[in-house]
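Here are some short exercises to work through with the model open beside you. Try each one yourself before you read the solution.

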Amino acid sequence: MRRAQARAWRNLFLAGATALATLGAGSALAEGKAAVYDGKPVKIGQGTAHTVVRTGADGAVSAIGVVFTESMLDGLPVAAPGTSPHFPYVLSMPTKGPKSVIDHVVIDWESVGHPPPQVYDVPHFDFHFYVVSREEVSKVRFNGPDDSAAPEQQPPAELMPAGYILPPGTAVPRMGVHAINPAAPEFQKQPFTATFIYGYYKKRLTFVEPMASLEFLKSKPSFSAPVPRPAKYSKSGAYPSRYRVSYDDAKKVYEVMLEELR
């Protein structure tokens, strides 16, 4: 009887140890596997767009971006005479997976572009990756576009990437003031394709912004460029050192990604 009991306990122990080892291996496998987390799709044009967060094998966020279907570039709205040519679409971040420094994304379809003339006055998309909440964005107010030159809007030097400037005329309500790189190709009399903007409000960083022209996107590009980084950020977290605008021919989707986060 005692021998049978001992054998039963031994078998039970071995079974438990095997199950625990299996569970441990499974957890390690899950933790060691790269993952993709998608946000809720939003209808734009004749297609959809959604946010995406990708992690590496270590579980850390490796990329943050927007993925949209090829058909999003068709059937885009056109402003009626006397109405705003600017069409914003709010995208929520994925509800699952690790959190990043990005709170939400707004894709702004600029159907006739915006100033400055002969630079950004072509149809294009502004991809605003906000590091502040939608509530905070709703409180961004200005007396006029030239408020960007006001002392209370000028961020300290350590929050601005080297070479970037904050010119007058870039203050936009419910966005912020826009810092540009005057060395970018579009300011050297070259056609605007893609560029990277930093946005601020009351001296604090509020968004990072890849921009891309409609014509450039329709060329189905494979484009990547380094992102100039400031010495400090208003909000702690991992920020991009590179951004990418590309077309995936196999999946028939575009990606606008913030990469090489650190």
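**Exercise 1. A proline in a loop**

In which loop is the place of P116? Find that loop, then look at the peptide bond leading into P116.

*Solution.* Keep in mind that this is a predicted model. Step one: P116 sits in the loop between β6 and β7, and β7 covers residues 124-130. Step two: go to the bond from P115 to P116, which is cis, with omega near 5 degrees.

**Exercise 2. The chain as a whole**

How many helices and strands does the protein chain have? Then find what share of the residues is buried.

*Solution.* Start with the elements: there are three helices and 13 strands in the protein chain. Next comes burial: of the 262 residues, 44% are buried. Finally, turn to contacts between residues at least 6 apart in sequence: 55% of them join residues at least 24 apart.

**Exercise 3. Two lysines with positive phi**

Where do K189 and K252 lie? For each one, work out whether the residue is exposed, partly exposed or buried.

*Solution.* Take K189 to begin with. Its phi is near 65 degrees, a positive value in a residue other than glycine. K189 belongs to the loop between β8 (177-179) and β9 (194-201). Its relative accessibility is 86%, and exposed means over 50%, so K189 counts as exposed.

Now K252. Phi here is near 60 degrees, again a positive value in a residue other than glycine. You'll find K252 in the loop between β12 and β13. With 41% relative accessibility, K252 counts as partly exposed. There's one more thing to spot: the side chain of K252 forms a salt bridge with that of D249, at 3.2 Å from N to O.

**Exercise 4. Tracing salt bridges**

How many salt bridges does a search of the whole structure find? Trace the one between E136 and R204, then the one between R244 and E259.

*Solution.* The search of the whole structure turns up eight.

Step one: E136 and R204. Their closest N and O atoms are 3.9 Å apart, just inside the cut-off of 4 Å for a salt bridge. E136 is in helix α2 (residues 134-138) and R204 in strand β10 (residues 204-213), so this pair links distant parts of the chain, 68 residues apart. E136 has 36% relative accessibility and counts as partly exposed. R204, at 40%, counts as partly exposed too.

Step two: R244 and E259. These side chains meet at 2.9 Å, N to O. R244 is in strand β12 (residues 242-248) and E259 in strand β13 (residues 253-259), so the salt bridge ties together parts that are 15 residues apart in sequence. Both R244 and E259 are buried.

Step three: look around that pair. R244 and E259 belong to a network of salt bridges that also links R54 and E255.

**Exercise 5. The surroundings of H50**

Is H50 buried or exposed? Find which side chain makes a polar contact with that of H50.

*Solution.* Begin by locating H50 in strand β3 (residues 47-55). Its relative accessibility is 17%, and the limit for buried is under 20%, so H50 counts as buried. The polar contact joins its side chain to that of D38, at 3.3 Å. Leaving aside residues up to four places away in sequence, H50 also touches other residues, including G39, P41, V66 and L91.

**Exercise 6. Two pockets**

Which residues lie nearest the centre of the largest pocket? Once you've found them, see what lines the second largest pocket.

*Solution.* Here's the idea behind the search: rolling a probe the size of a water molecule over the atoms shows where empty space is left.

The largest pocket holds about 450 Å³ of space. Its lining has 23 residues, with H114, P115, G169, T170 and V172 nearest the centre. Sorted by class, that lining has 13 nonpolar, seven polar and three charged residues.

The second largest pocket has a volume of about 250 Å³. Among the residues lining it are H86, H104, D108, Y130, R134 and M175. The elements that give two or more residues to this lining are β5 (86-92), β6 (104-110) and α2. By class, the lining divides into seven nonpolar, two polar and three charged residues.

How values were computed: Residues numbered from 1 in each chain as written. Predicted model: local features only at pLDDT ≥ 70, side-chain atom pairs only at ≥ 80, totals over all residues. Heavy atoms only, no water. Helix = DSSP H or I, 4+ residues; strand = E, 2+ residues; numbered from the N terminus. Buried < 20%, exposed > 50% of the residue type's maximum accessible area, 1.4 Å probe, protein only. Polar contact = N/O pair within 3.5 Å; in protein donor to acceptor, adjacent residues only side chain to side chain. Contact = heavy atoms within 4.5 Å. 1 Å grid on protein atoms, 1.4 Å probe; cavity = no way out; pocket = protein on both sides within 12 Å on 5 of 7 lines; lining within 4 Å. Points joined across faces, edges and corners; volume = space filled by probe spheres on them. Nonpolar A, V, L, I, M, F, W, Y, C, P; charged D, E, K, R; others polar.
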